[in-house]
Amino acid sequence: MKIWIRYIGFFTLGISLFVLLISMSNNPEHIIEGQWKELVWEYEKVDKNDTITNDYDNVSDFVKDVVGENLVIHKAESWTFKPNGKLILKGSNYSKEVNWTIKGRGNILEIKYDNNNCEHYSLTELSENKLVLNFDTDTHTRGIARLTFEKI
Amino acid sequence: MLRKYSNSRSLSDNIKLGSLSAFAAGMVNIGSLLLFFSFSSNVTGHYAILAAEIVKGNYYQIAVVFSWIFLFFFGSFVSNMFVIHINQRNSYLAHAIPLILEIFCLMFVGIYGEYFYKETLVETEYLLALMLFAMGLQNGLTASISNFSVKTTHLTGTTTDLGILFSMFTKKEYRNNEALIGKAKLLVAITASYLIGAILAGFTYVGLSFKMFYLVSLVLVVIIVYDLYKLRLKLYLRNRKLLKINLENVNGYVRIEKEKSIAS
């Protein structure tokens with residue numbers, strides 16, 4: 001077999017593999033669109049005894065208060081991702097519109113608000129029904145927090 | 001920097017080429033990390049990510065990361081194609097074409113990012129793909145023309161070689177070996193330049209944003225123009241070569257003696 005045929009075959013195989021994978025997949029930007037409800041906040045360094053001494057119904061609420069106190073998402077309970085890059089954060093007596101984009105290989109959620117302040121979250125899991133976000137927190141000592149959603 | 005090939009290159013040629021191209025790669029890599037949240041000049045991490053995404057079954061991410069690795073490979077392939085096929089006719093041109101292509105890629109990223117970028121995922125991935133192709137071009141070129149001794153877009157091999165060399169220098173016979181000392185100087189220059197480029201990109205990212213790719217392109221232009229300048233200077237001096245003629249009377253005959261010009 002002539003060498004140039006082998007080369008063409010090799011590159012065609014690579015391109016075909018890419019096209020096949022792309023055709024089998026969904027763009028994360030499309031999967032994330034819609035309304036999501038917060039299920040649970042988790043924090044790797046949470047001290048569960050604090051939830052007893054403080055007035056919290058469960059660990060998740062405690063984590064949300066401690067870890068998320070400086071975040072724009074702090075008061076949100078439902079997140080609605082619009083196709084135009086807008087994200088509506090809604091909670092009890094709270095509503096805020098921010099901008100969202102996905103970066104990297106589809107693994108970073110960037111939220112921009114109020115004069116281009118930015119927050120970044122790792123898209124650990126994104127499926128039709130479940131969304132899991134991880135983020136580093138500076139609360140007290142640095143740790144990783146996890147936020148889980150289900151689609152409404 | 002660019003004219004000479006393989007073993008005819010001096011240590012100075014390799015240090016100049018290695019330092020400037022490593023500086024550019026350091027800037028590009030940190031620029032892409034800060035702007036797009038992904039590395040663009042090293043693919044070892046991407047192989048690890050590819051494996052992780054295969055395990056998770058994320059087809060979209062597998063396709064994206066696979067295409068990035070493939071484009072880095074393709075950049076290196078294209079670079080060496082120019083070197084081995086055009087080198088016989090015009091070595092300078094053969095070595096400059098990959099850098100010119102790299103400048104086009106990085107300028108496109110800079111201009112598109114500054115004026116048209118809407119921050120969609122598809123745009124991010126295309127721009128990253130272009131940067132990985134550009135880094136493949138650069139790494140392929142520097143490795144190819146330096147007989148594989150200069151690789152500037154990632155520092156894994158460089159750090160390994162430095163570790164080996166530094167351990168060799170514990171023995172006197174190696175400490176006095178000029179070739180090993182030269183190799184160590186080259187690797188230190190590449191590492192330091194990469195780090196300086198990366199730090200500069202980190203500090204200037206907020207102010208420059210996508211404009212930093214113009215700065216990187218300028219560094220690459222310096223590499224191209226430096227050699228072009230030297231070639232033109234040589235040609236100019238050759239054309240203006242002055243002949244000094246000494247006349248001497250030898251046994252009634254006049255002997256004419258040409259002297260080489262100072263320039264040659």
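Q: Let's begin with the closed barrel in chain A: how many strands does the barrel have, and in what order do they run?
A: This is a predicted model, and in chain A eight strands form a closed barrel in the order 1-2-3-4-5-6-7-8, with antiparallel pairing. From one strand to the next, the twist averages 35 degrees.

Q: How do I read the pairing of strand 5 of chain A with strand 6 of chain A?
A: Start with a general idea: side chains in a regular strand alternate between the two faces of the sheet. Then go to the bridges. Strand 5 (residues 108-113) and strand 6 (residues 117-126) of chain A run antiparallel and are joined by six bridges. To get the register, look at who faces whom: Ile108(A) stands opposite Ser122(A) in strand 6, and Leu109(A) stands opposite Tyr121(A) in strand 6.

Q: And what should I look for in the hairpin of strand 5 and strand 6 of chain A?
A: Check the connection and its phi values. Three residues sit between these two strands of chain A, and Asp114(A) takes a positive phi near 35 degrees in that hairpin.

Q: How many bridges join strand 6 of chain A to strand 7 of chain A?
A: Four bridges here, with strand 6 and strand 7 (residues 130-137) of chain A running antiparallel. For a register mark, use Leu123(A), whose bridge partner in strand 7 is Leu133(A). A hairpin of three residues makes the link from strand 6 to strand 7 of chain A.

Q: What is there to say about phi of Asn93(A)?
A: The general rule is that most residues other than glycine have a negative phi. Asn93(A) has a positive phi, near 60 degrees, and is not a glycine. You'll find Asn93(A) in the loop between strand 3 (86-91) and strand 4 of chain A.

Q: Is Asn93(A) buried or exposed?
A: Count the C-beta atoms around it, with 12 or fewer meaning exposed. Asn93(A) is exposed because there are 6 other C-beta atoms within 10 Å.

Q: Where in chain B is Phe37(B) found, and what is its phi?
A: Phe37(B) belongs to the loop between helix 1 (11-36) and helix 2 (44-56) of chain B. Its phi is positive, near 65 degrees, again in a residue other than glycine. With 18 other C-beta atoms within 10 Å, Phe37(B) counts as partly exposed.

Q: Let's zoom out. Which helices and strands make up chain B?
A: Chain B has nine helices and two strands. Follow the sequence and you read α-α-α-α-α-α-α-α-α-β-β. As for burial, 39% of the 264 residues of chain B count as buried. To get a feel for how the chain folds back on itself, look at sequence separation: taking contacts in chain B between residues at least 6 apart in sequence, 70% join residues at least 24 apart.

Q: At what angle do helix 6 and helix 8 of chain B pack?
A: Look at the angle and the axis distance together. Helix 6 (residues 156-168) and helix 8 (residues 178-208) of chain B pack at about 140 degrees, and their axes are 10 Å apart. That angle is why helix 6 of chain B is described as oblique to helix 8 of chain B. The crossing of helix 6 and helix 8 of chain B is left-handed.

Q: Which residues of helix 6 and helix 8 of chain B meet?
A: On the helix 6 side of chain B you have Thr158(B), Asp161(B), Leu162(B), Leu165(B) and Met168(B); they meet helix 8 residues including Leu180(B), Ala184(B), Leu187(B) and Ile190(B). Sorted by class, this contact of helix 6 with helix 8 of chain B has seven nonpolar, two polar and two charged residues.

Q: Where does Ala94(B) lie, and is Ala94(B) buried or exposed?
A: Ala94(B) lies in helix 4 (residues 91-115) of chain B. Ala94(B) is buried because 24 other C-beta atoms lie within 10 Å, the cut-off being 20 or more. Setting aside neighbours within four places in sequence, Ala94(B) is in contact with Phe82(B), Val83(B), Ile86(B) and Asn87(B).

Q: Last one: how many residues does the contact take from chain A and from chain B?
A: Chain A gives 18 residues and chain B gives 17. On the side of chain A that touches chain B, helix 1 (3-24), helix 2 (28-31) and strand 4 (94-103) of chain A each supply at least two residues. Helix 1 of chain A gives the most to that side, with six residues. By class, the residues on that side of chain A are eight nonpolar, seven polar and three charged.

How values were computed:
Residues are numbered from 1 along each chain as its sequence is written. Chains are lettered from A and ligands numbered from 1 in the order in which they are written. This is a predicted model: local features need pLDDT of at least 70, side-chain atom pairs count only at pLDDT 80 or more; totals for chains, interfaces and linings use all residues. Two residues are in contact if their C-beta atoms, placed from the backbone, lie within 7 Å. Axes are lines fitted to C-alpha atoms, for helices over the stretch in contact, and angles run from 0 to 180 degrees between N-to-C directions. Angles under 35 degrees count as roughly parallel, over 145 as roughly antiparallel, 65 to 115 as roughly perpendicular and the rest as oblique. A crossing is left-handed if the near helix is turned anticlockwise from the far one by less than a right angle, and right-handed if clockwise. Ala, Val, Leu, Ile, Met, Phe, Trp, Tyr, Cys and Pro count as nonpolar, Asp, Glu, Lys and Arg as charged, and the others, Gly among them, as polar. Two strands pair if DSSP finds at least two bridges between them.
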